[in-house]
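Good morning. I have one structure to go through today, and I will start with a question about it. Please have a look at it first.

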Amino acid sequence: QVPLVESGGGLVQAGGSLSLSCAVSRSVFRFNTMAWYRQAPGKQREFVASVTSGGNTNYADFVQGRFTISRDNAKNMVYLQMNSLKPEDTAVYYCNTRPPTTWGLGTQVTVSS
């Protein structure tokens, strides 16, 4: 079983919204803090948001209230709702544990101006 499979990316205009999903293998998901990261072209991968198994969340400063991370412990799923998207949010988005382990393929998010 592939441990992490991200989906939901796409092309959206600035100001629009996207909802990302991540299917996580049970062995990875259980008791772990899950997070979203992103990597823009020519830049290092960076932390976006995290959620503990108990539902406590943490966000990078650049999120500024625009994104919401959540998890469904019964379905082993992690979500990232992204609103008010900006062109600088363009990146490949990855989910992983925090700290991260093996990376998945990610899902491309492109925000046009």
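Which residues are linked in a network of salt bridges? Before I answer, note that this is a predicted model. The network links Arg38, Glu46, Arg66 and Asp89. I will take it apart pair by pair, since the structure holds three salt bridges.

Take arginine 38 and glutamate 46. Their closest N and O atoms are 2.8 Å apart, and the two residues form a salt bridge. They also belong to paired strands: arginine 38 stands opposite glutamate 46 in β5. Are these two residues buried or exposed? Arginine 38 counts as buried, at 7% relative accessibility. Glutamate 46 counts as partly exposed, because its relative accessibility is 32%, and a residue has to be under 20% to be called buried.

Now move to aspartate 89, which forms a salt bridge with arginine 38, with 2.9 Å between the closest N and O atoms. This pair links distant parts of the chain. Aspartate 89 sits in the loop between β8 and β9, arginine 38 sits in strand β4, residues 34-39, and the two are 51 residues apart. Both aspartate 89 and arginine 38 are buried.

Aspartate 89 has another partner. Its side chain meets that of arginine 66 in a salt bridge, at 2.7 Å from N to O. Arginine 66 is in the loop between β6 and β7, and aspartate 89 is in the loop between β8 and β9, so this pair ties together parts that are 23 residues apart in sequence. Aspartate 89 and arginine 66 are both buried.

Next, the strands around arginine 38. How many of the six residues of β4 are buried? Five of them are, so β4 is largely enclosed by the rest of the structure. β4 pairs with strand β5, residues 46-51, in the antiparallel sense over five bridges. These two strands form a hairpin with six residues between them, and in the turn glycine 42 has a positive phi of about 75°. β4 also pairs with β9, again antiparallel, over six bridges. To find one of those bridges on the screen, look for tyrosine 37, whose bridge partner in β9 is tyrosine 94.

There is also an open sheet to look at. It has four strands in the order β1-β3-β8-β7, and the pairing is antiparallel. Which strands stand at the edges? They are β1, residues 4-7, and β7. Each has a single partner strand, so one side of each is left without a neighbour in the sheet. On average, neighbouring strands of this sheet are turned by 15° against each other, ignoring direction. Within the sheet, β1 and strand β3, residues 18-24, pair over four bridges in the antiparallel sense. In β3, serine 21 is the bridge partner of serine 7.

Now the nonpolar core. In soluble globular proteins, nonpolar side chains tend to be buried together. Here the largest nonpolar core has 30 residues, and the ones that touch the most other members are Trp36, Leu80, Met82 and Tyr93. At least two residues of this core come from each of β3, α1 (26-29), β4, β5, β7, β8, β9 and β10.

Leucine 80 is worth selecting on its own. What is leucine 80 in contact with, leaving aside its neighbours within four places in sequence? Its contacts include Leu18, Leu20, Trp36, Val48, Phe67, Ile69 and Tyr93. Ser19 and Thr68 are also among them.

Last, a few points about the backbone in the loops. Glutamine 64 has a positive phi of about 50°, although it is not a glycine. It lies in the loop between β6 (57-59) and β7 (67-72), and it is exposed, with a relative accessible area of 58%. Serine 84 is a similar case to look up: its phi is positive, near 50°, and it is a residue other than glycine. Serine 84 lies in the loop between β8 (77-82) and β9. It is partly exposed, with a relative accessible area of 43%.

Where is the cis peptide bond? It joins arginine 98 and proline 99, with omega about 5°. Proline 99 lies in the loop between β9 (91-97) and β10 (107-112).

That is the end of my part.

Conventions
Residues are numbered from 1 along each chain as its sequence is written. This is a predicted model: local features need pLDDT of at least 70, side-chain atom pairs count only at pLDDT 80 or more; totals for chains, interfaces and linings use all residues. Side-chain values use heavy atoms; hydrogens and water are left out. Buried means under 20% relative accessible area, exposed over 50%, partly exposed in between (1.4 Å probe, protein chains only). A salt bridge is a side-chain nitrogen of Lys or Arg within 4 Å of a carboxyl oxygen of Asp or Glu. Two strands pair if DSSP finds at least two bridges between them. Axes are lines fitted to C-alpha atoms, for helices over the stretch in contact, and angles run from 0 to 180 degrees between N-to-C directions. A nonpolar core is a set of buried Ala, Val, Leu, Ile, Met, Phe, Trp, Tyr and Cys residues joined through side-chain atoms within 4.5 Å. Contact means heavy atoms within 4.5 Å.
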